[in-house]
Amino acid sequence: MAQEKISGWQLFSMIILFEIGTTVLFGLGMRAKQDEWLAILAAMLAGLALMRVYSKLCEYYPNRTLVQIIPEVVGKWIGYPLSLIYILNFAYESSRVLRDFGELIVQTILRETPILVIMAGFMLGVVYCLRGGIEVLGRLGEILFPVAFIALVTGWILIITSEIHHFEYIEPVFEKNGLPILNAVFPFLLVFPFGQTLLFMMFANNLNPLSRFRKVGMAGILASGIIVSLNMMGLILIFGPLVLKETEFPLYTAIGMVDLGDFIMNLDAFAILMMVLGGFFKLGAFMYGAVVGTAQLFRLESYHSLLVPWGTIILALSFIIASTYSQHIYIGWNISIPYIFFPLYVIIPILLLIIAAIRKIGSV
């Protein structure tokens, strides 16, 4: 396949849009209650360590993606099936993101529109973008990241100005000696959203130069972790941990509560736009991982012929994975994260790095 290139700033923009894509939608389980914002910061530190694992693997095997690295580390008999599992996981993640944003839109601003129409339109936009390659996605991220960031900051300025926050909701800090924070971080917040950056091992060989992957990746995790933590702190100040846990789309609800002198109000569409930008990039990134991984695994000359088939499969899968949205959320938090994503994003990469390091030492 032809080698496409993206700059460090483009990758940085894509990582942040990817990280905040669906993260700002939810209350993230609220296992640490009022300390959830601190748990996110703790998970961010662990996420930086994970990014070091991912980047080190890419340094050991330059100009290779995750799907190409795995067989070189553990051999073809184990490597090819494991690479296929990662490809299927990227497709599954894509379907979850698509379902999240289909439900968001149909439950908020387009209540009478069939969810199939919304999700199919969303998928068509992603397929069209990916036909231009990762360079197009990178340029789009470079342009829209400042827009999304300014929109998020503006939204929170309006929320704070509306004086709907309550500082007592965030107390006491470090309740129960921080044990709830550890329970929130492992495995939940470590995996979602920080462990998901393993996907960018599918982008590493597109970075110009490759040596910047570690620095750009860690900077992206650091910046997105701070953004998500501050966002969570603000939501706790507005709703309190108990109400926030039961609120389906808290950021959307919070911005909808803005009312400045009956002049600035009804900003619901503003919130939707802000969140859809991130969702578009998260869906696009996971789908890119699935189609490029498939092309590399089966040694195809181009991934473009796979976009429509994979897009159709992901769209169908987004309906199959759960019959209701509440079931979709339950499966994500209680099954997918601890039993699927944690092994794939944390345990297996660490084992791969250990094996790769032993191989390097043995070859000296």
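The legends below describe close-up views of a predicted model of a single chain.

**Figure 1. The whole chain, with 13 helices and 2 strands.**
Across its 364 residues the chain has a radius of gyration of 20 Å, against 21 Å from the globule rule, so the chain is as compact as a globular protein of that length. Along the principal axes, the C-alpha atoms occupy a box of roughly 65 × 50 × 35 Å. Among contacts with a separation of 6 or more, 84% join residues 24 or more positions apart. Of the 364 residues, 57% are buried.

**Figure 2. The surface of the chain and its charges.**
The exposed area is about 15,400 Å², and 67% of that area comes from carbon and sulfur atoms. The chain carries 21 positive and 22 negative charges, and the mean positions of the two sets lie 16 Å apart.

**Figure 3. The largest nonpolar core, which holds 137 residues.**
The members that touch the most other members are L11, Y86, F90, F203, M287 and Y345. Helix α11, residues 268-297, is the largest contributor to this core, with 18 residues. Two of the residues named here, F90 and Y345, are also contacts of F286, a residue shown in its own view below.

**Figure 4. The surroundings of L11.**
L11 is one of the core members with the most contacts to other members. With residues up to four places away in sequence set aside, L11 touches I6, F200, F203, L207, F213 and V216. F203 in this list is another of the core members that touch the most others.

**Figure 5. F286 in helix α11.**
Is F286 buried or exposed? The relative accessibility of F286 is 0%, and the cut-off for buried is under 20%, so F286 counts as buried. Beyond its neighbours within four places in sequence, F286 is in contact with F18, F90, E93, S94, V97, Q196, L199 and Y345. The distance from F286 to M218, C-alpha to C-alpha, is 19 Å, with their positions 68 residues apart along the chain.

**Figure 6. I221 in helix α8, residues 213-239.**
I221 has a relative accessible area of 0% and is buried. Which residues does I221 touch, not counting residues up to four places away in sequence? They are I15, M44, G47, L48, M51, F194 and T197. For one of these, F194, the C-alpha atom is 7.0 Å from that of I221, and the two residues are 27 apart in sequence.

**Figure 7. Helix α3 and L84.**
The buried residues of α3 are L66, V67, I69, I70, P71 and V73. Just after this helix comes G75, where phi is positive at about 90 degrees. L84 belongs to helix α4, residues 76-108. The relative accessible area of L84 is 35%, between the 20% limit for buried and the 50% limit for exposed, so L84 is partly exposed. L84 is 17 residues from V67 in sequence, and their C-alpha atoms are 7.9 Å apart.

**Figure 8. Two residues other than glycine with positive phi, K33 and N63.**
For K33, phi is near 55 degrees. K33 sits in the loop between α1 (8-20) and α2 (36-60). With a relative accessible area of 39%, K33 is partly exposed. For N63, phi is near 60 degrees. N63 is placed in the loop between α2 and α3 (66-74).

**Figure 9. Two cis peptide bonds, each leading into a proline.**
Where does P172 lie? P172 is in the loop between α6 (134-161) and α7 (179-191). The bond from E171 to P172 is cis, and its omega is near -5 degrees. The other cis bond joins F186 and P187, with omega about 0 degrees. P187 lies within helix α7.

Methods: Residues are numbered from 1 along each chain as its sequence is written. This is a predicted model: local features need pLDDT of at least 70, side-chain atom pairs count only at pLDDT 80 or more; totals for chains, interfaces and linings use all residues. Side-chain values use heavy atoms; hydrogens and water are left out. Helices (H or I, at least four residues) and strands (E, at least two) are DSSP runs, numbered from the N terminus. The radius of gyration is taken over C-alpha atoms; the globule rule is 2.2 Å times the number of residues to the power 0.38. Buried means under 20% relative accessible area, exposed over 50%, partly exposed in between (1.4 Å probe, protein chains only). Contact means heavy atoms within 4.5 Å. Accessible areas come from the Shrake-Rupley method with a 1.4 Å probe; for residues, only the protein chains shown count as cover. Lys and Arg count as positive and Asp and Glu as negative; His and the chain ends are not counted. The place of a charge is taken as NZ of Lys, CZ of Arg, CG of Asp or CD of Glu. A nonpolar core is a set of buried Ala, Val, Leu, Ile, Met, Phe, Trp, Tyr and Cys residues joined through side-chain atoms within 4.5 Å.
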